[in-house]
Amino acid sequence: MTTDEGTDAAVHDEAWFAALFAAHATPVHRYFRRRLPSAAGAVGPDAEDLTAEVLATAWRRRDDVPDGAELPWLYRTAGFVLANHRRKARAVPVAELPEQPDDGADVEHVVVQDDEVRRALAGLSDRDRRILLLHAWEGLGGDDLAAVLGTSRGGADAALSRARSRLRAAWAEQASVAQEQGA
């Protein structure tokens, strides 16, 4: 490779990364904001750090990022980064839990914190919960969902259908328990 070819490749890589960042940094950041706890403003720095880690991974592995499927690849990587982050997380002492709700939380985050939704989602397996949240929050379906899950399109469609069915069952069970307790 000549010096000119090396310079051209570096310029191409920088332009590719700038476009990747401009198009996908915000959705990846939202991915983390939706999945991290929001107590006392802790989401911001963690979400920003984890987003930076995903984008740094994309830069290091830029030859592995598929053209036209960058966002699903980033979401898949974000799933691994989040899992690693959670393994490292320490328990928060109860004495440090806030008395008041997080008024700075965005509407999407507040909705998910609703007790009924959390209980229904908690009744699902990690995989079902992940599939439903990728579909509902990130808007993934079809080929993009399949790419994130590392499966075929048919497999992703079937997994989404099964996850929805299990959510309906968990929701119905929860409603039945609530009705019994109220009666």
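## A walk through an all-helix model

Helix α7 is followed by Gly150, a residue whose phi is positive, near 70°. That is our starting point for a tour of this structure, which is a predicted model.

Let us stay with α7 for a moment. Which of its residues are buried? In α7 these are Gly142, Leu145, Ala146, Val148 and Leu149. Around the helix axis they cover an arc of only 165°, so they are on the same side of α7. A general point about helices helps here: an α-helix has 3.6 residues a turn, so residues three or four places apart point the same way.

### The whole chain

Now step back and look at the chain from end to end. It has eight helices and zero strands, so from the N terminus on, you can read its elements as α-α-α-α-α-α-α-α. Of the 183 residues of the chain, 32% count as buried. Among contacts between residues at least 6 apart in sequence, 64% join residues at least 24 apart.

### The nonpolar core

In soluble globular proteins, nonpolar side chains tend to be buried together. In this model, the largest nonpolar core has 37 residues, and Phe32, Leu134 and Leu145 touch the most other members. At least two residues of this core come from each of α1 (3–35), α2 (43–60), α3 (70–88), α6 (126–136), α7 (142–149) and α8 (153–182). Which helix gives the most to this core? That is α3, with seven residues. The core also draws at least three residues from each of domain 1 (12–93) and domain 2 (112–182).

Leu145, which you met in α7, is a good residue to click on. Leaving aside residues up to four places away in sequence, Leu145 touches Ile131, Leu134, Leu140, Ala156 and Leu160.

### Rings that meet

A pair of aromatic rings is described by the distance of the centres and the angle of the planes. The model has five aromatic pairs. Here are two of them, side by side:

| Pair | Distance between centres | Angle between planes | Type |
|---|---|---|---|
| Phe17 and Trp59 | 5.5 Å | 75° | edge-to-face |
| Tyr31 and Phe32 | 5.4 Å | 90° | edge-to-face |

Why is the pair of Phe17 and Trp59 called edge-to-face? The planes of these two rings are at 75°, and an angle over 60 degrees counts as edge-to-face. The pair links distant parts of the chain, with Phe17 in helix α1 and Trp59 in helix α2, 42 residues apart. Are these two residues buried or partly exposed? Phe17 has a relative accessible area of 22%, so it is partly exposed, and Trp59 is partly exposed too, at 31%. The cut-off behind both answers is that buried means under 20%.

In the other pair of the table, both Tyr31 and Phe32 are buried. Ring pairs also link Trp16, Phe17, Phe21 and Trp59 into a cluster.

Charged side chains join the picture as well. The charged end of Arg62 sits over the ring of Trp59, 3.9 Å from the ring centre. In a similar arrangement, Arg35 has its charged end over the ring of Tyr31, 3.8 Å from the centre.

### Three more residues to find

His24 lies in helix α1. With 15% relative accessibility, His24 counts as buried. Apart from residues up to four places away in sequence, His24 touches Glu70, Leu71 and Leu74.

Pro27 also has its place in helix α1. Is Pro27 buried or exposed? Its relative accessible area is 12%, so Pro27 is buried. Not counting residues up to four places away in sequence, Pro27 touches Leu71, Tyr75 and Glu138. Pro27 and Tyr75 are 48 residues apart along the chain, and their C-alpha atoms are separated by 9.0 Å. Leu71 is thus a contact of Pro27 as well as of His24.

Finally, where is Trp137 found? Look in the loop between α6 and α7. Trp137 is buried, with a relative accessible area of 17%. Along the chain, Trp137 and Tyr31 are 106 residues apart, while their C-alpha atoms are separated by 7.8 Å. Tyr31 is the residue whose ring carries the charged end of Arg35 over it.

Conventions:
Residues are numbered from 1 along each chain as its sequence is written. This is a predicted model: local features need pLDDT of at least 70, side-chain atom pairs count only at pLDDT 80 or more; totals for chains, interfaces and linings use all residues. Side-chain values use heavy atoms; hydrogens and water are left out. A nonpolar core is a set of buried Ala, Val, Leu, Ile, Met, Phe, Trp, Tyr and Cys residues joined through side-chain atoms within 4.5 Å. Buried means under 20% relative accessible area, exposed over 50%, partly exposed in between (1.4 Å probe, protein chains only). Helices (H or I, at least four residues) and strands (E, at least two) are DSSP runs, numbered from the N terminus. Domain bounds come from an automatic or database domain assignment. Contact means heavy atoms within 4.5 Å. Rings of Phe, Tyr and Trp (its six-membered ring) pair if their centres lie within 6.5 Å; planes under 30 degrees apart count as stacked, over 60 as edge-to-face and the rest as tilted. A charge sits over a ring if NZ of Lys or CZ of Arg is within 6 Å of the ring centre and within 35 degrees of the ring normal. The arc is that of the directions from the helix axis to the C-beta atoms.
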